[in-house]
Amino acid sequence: MSYYGYTDIYKILGCERLHKKTKGEAFVVMGFQRSGTSLLSQLVNACGVFFGPEDELKQPSITNPDGFFEHKKVSALSWEYFREVGYKNNIDYDANLHTKNIWQKLSRLVTVRRIHSVLYRLSIRQEKWGIKNFPLFYYVWKDYLPKHKIIAIYRDPYASTHSFLNIFWPSKFTYEYGLSLWVQAQKDMLYHLSQTESLLIRYEDLIDDTKNTRITQRLVEFIGSGDAQKIRGMIKPSLNRMDKKVLRLREWYPSHTEINETIKFLDTIKI
């Protein structure tokens with residue numbers, strides 16, 4: 001009886017063929033939830049980076065009226081990858097993504113085949129293309145992407161955590177735990193940025209009229225196309241505000257050493 005190993009099935013499913021055929025200039029927009037990834041993706045898209053057909057992207061909502069630029073299959077397959085090792089729809093930055101038995105391995109191969117298919121379909125639509133990815137999900141996708149660049153963004157931990165918990169995970173986590181998720185996500189993101197050509201932007205700088213001229217120009221140069229003045233005009237003045245609740249939360253949950261050190265390191269490498 002013939003025996004097929006993991007690599008053999010990988011080839012039979014066409015994963016290797018799709019990986020070799022996936023071409024073009026690939027970009028990954030990355031950041032913690034509610035850190036400005038949708039705004040950044042909008043600007044990157046205006047520079048000529050294709051995130052997918054409109055019907056395949058998450059539709060705009062009251063929280064993101066200009067769109068998420070998030071491919072629905074990227075999110076769905078990321079969670080599927082996690083479920084195959086027993087995780088639920090939750091946030092766990094200490095996740096072990098290794099499959100443990102033959103059935104999980106076979107299911108994982110089918111998921112990997114679908115991941116390759118999504119990337120290949122994006123790459124044949126346009127020369128410059130990309131995906132929007134969270135630091136945790138990037139562990140799932142990074143080995144299947146062709147050579148690519150990362151454009152990352154970070155935001156004040158209190159503002160992003162407040163928005164994240166209230167919009168996506170109400171009554172799910174304590175605020176203190178939400179801050180710890182922010183810290184871990186930044187650490188993972190810093191690791192990812194160290195592995196490939198990358199650009200890091202601070203959200204508060206991007207929406208600041210006195211600072212974003214240089215940032216948008218650098219973004220255009222990094223992507224290799226786009227009109228810096230045009231994309232700067234897409235940044236709405238209404239974004240430059242701070243919720244009073246966030247100011248109170250900063251008083252109730254004083255910033256500790258880990259948060260301060262993470263922000264300090266992010267600030268040293270941002271553009």
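**Reading surface, burial and contacts in one chain**

Me: I have this predicted model open. How many Å² does the accessible surface of the chain come to, and what share belongs to carbon and sulfur atoms?

Reply: The accessible surface of the chain comes to about 14,000 Å². Carbon and sulfur atoms hold 51% of that area. Keep in mind that the coordinates are a predicted model.

Me: OK, and what percentage of the residues count as buried?

Reply: The cut-off to use here is under 20% relative accessible area for buried and over 50% for exposed, with partly exposed in between. Out of 271 residues in the chain, 51% count as buried.

Me: Let's do the overall fold. How many helices and strands does the chain have?

Reply: You should find 13 helices and four strands. The radius of gyration is 19 Å and the globule rule gives 18 Å for 271 residues, so the chain is as compact as a globular protein of that length. If you'd rather think in boxes, the C-alpha atoms fill roughly 70 × 40 × 35 Å along the principal axes.

Me: What share of the contacts is between residues 24 or more positions apart?

Reply: Take the contacts in the chain with a separation of 6 or more: 75% of them are between residues 24 or more positions apart.

Me: And charges? How far apart are the mean positions of the positive and negative ones?

Reply: Average the positions of each sign, then take the distance between the two means. Here there are 40 positive and 29 negative charges, and their mean positions are 4 Å apart.

Me: I'd also look for disulfides. How many does a search of the whole structure find?

Reply: First the general idea: a disulfide is a covalent bond between the sulfur atoms of two cysteines. In this case the search of the whole structure comes back with zero.

Me: Is Cys-15 buried or exposed? And Cys-47?

Reply: Cys-15 is buried, at a relative accessible area of 0%. Cys-47 is buried as well, with 3%.

Me: Now backbone oddities. Which residue has a positive phi of about 60 degrees although it is not a glycine?

Reply: That's Arg-34. Look for it in the loop between strand 1 (25-30) and helix 3 (37-46). Arg-34 has a relative accessible area of 19%, which is under the 20% cut-off, so it counts as buried. Phe-69 is another residue other than glycine with a positive phi, near 55 degrees. Phe-69 is in the loop between helix 3 and helix 4 (72-83) and counts as buried at 14% relative accessibility.

Me: Let me try contacts. Which residues does Val-112 contact, leaving aside neighbours within four places in sequence?

Reply: Those are Tyr-10, Cys-15, Tyr-81 and Tyr-144. Val-112 is in helix 5 (residues 102-123), and its relative accessibility of 0% makes it buried. For separation in sequence versus space, pair Val-112 with Leu-77: 35 residues apart along the chain, yet 8.6 Å from C-alpha to C-alpha.

Me: Where does Phe-137 lie, and which residues is it in contact with?

Reply: Phe-137 is in helix 6 (residues 135-141). Neighbours within four places aside, it contacts Ser-75, Ser-78, Trp-79 and Phe-82. Phe-137 is buried too, at 6%. Its C-alpha is 9.3 Å from that of Tyr-81, with their positions 56 residues apart in sequence.

Me: What about Leu-13: where is its place, and what is its relative accessibility?

Reply: Leu-13 is in the loop between helix 1 (6-12) and helix 2 (15-21). It counts as partly exposed, at 30% relative accessibility. Not counting residues up to four places away, Leu-13 touches Leu-109, Val-110 and Arg-113. For a pair apart in both senses, take Leu-13 and Val-183: 170 residues in sequence and 38 Å between C-alpha atoms.

Me: One last loop. Which residues does Glu-197 touch, not counting those up to four places away in sequence?

Reply: Glu-197 touches His-148, Lys-149, Ile-150 and Phe-222. You'll find Glu-197 in the loop between helix 8 (175-195) and strand 4 (198-202). At 46% relative accessibility, Glu-197 is partly exposed. From Glu-197 to Leu-136, the C-alpha separation is 19 Å, for 61 residues along the chain.

Technical notes
Residues numbered from 1 in each chain as written. Predicted model: local features only at pLDDT ≥ 70, side-chain atom pairs only at ≥ 80, totals over all residues. Heavy atoms only, no water. Helix = DSSP H or I, 4+ residues; strand = E, 2+ residues; numbered from the N terminus. Rg over C-alpha atoms; globule rule 2.2 N^0.38 Å. Buried < 20%, exposed > 50% of the residue type's maximum accessible area, 1.4 Å probe, protein only. Contact = heavy atoms within 4.5 Å. Areas by Shrake-Rupley, 256 points an atom, 1.4 Å probe, with all protein chains shown as cover. Lys, Arg positive; Asp, Glu negative; His and termini not counted. Charge placed at Lys NZ, Arg CZ, Asp CG, Glu CD. Disulfide = S-S within 2.5 Å.
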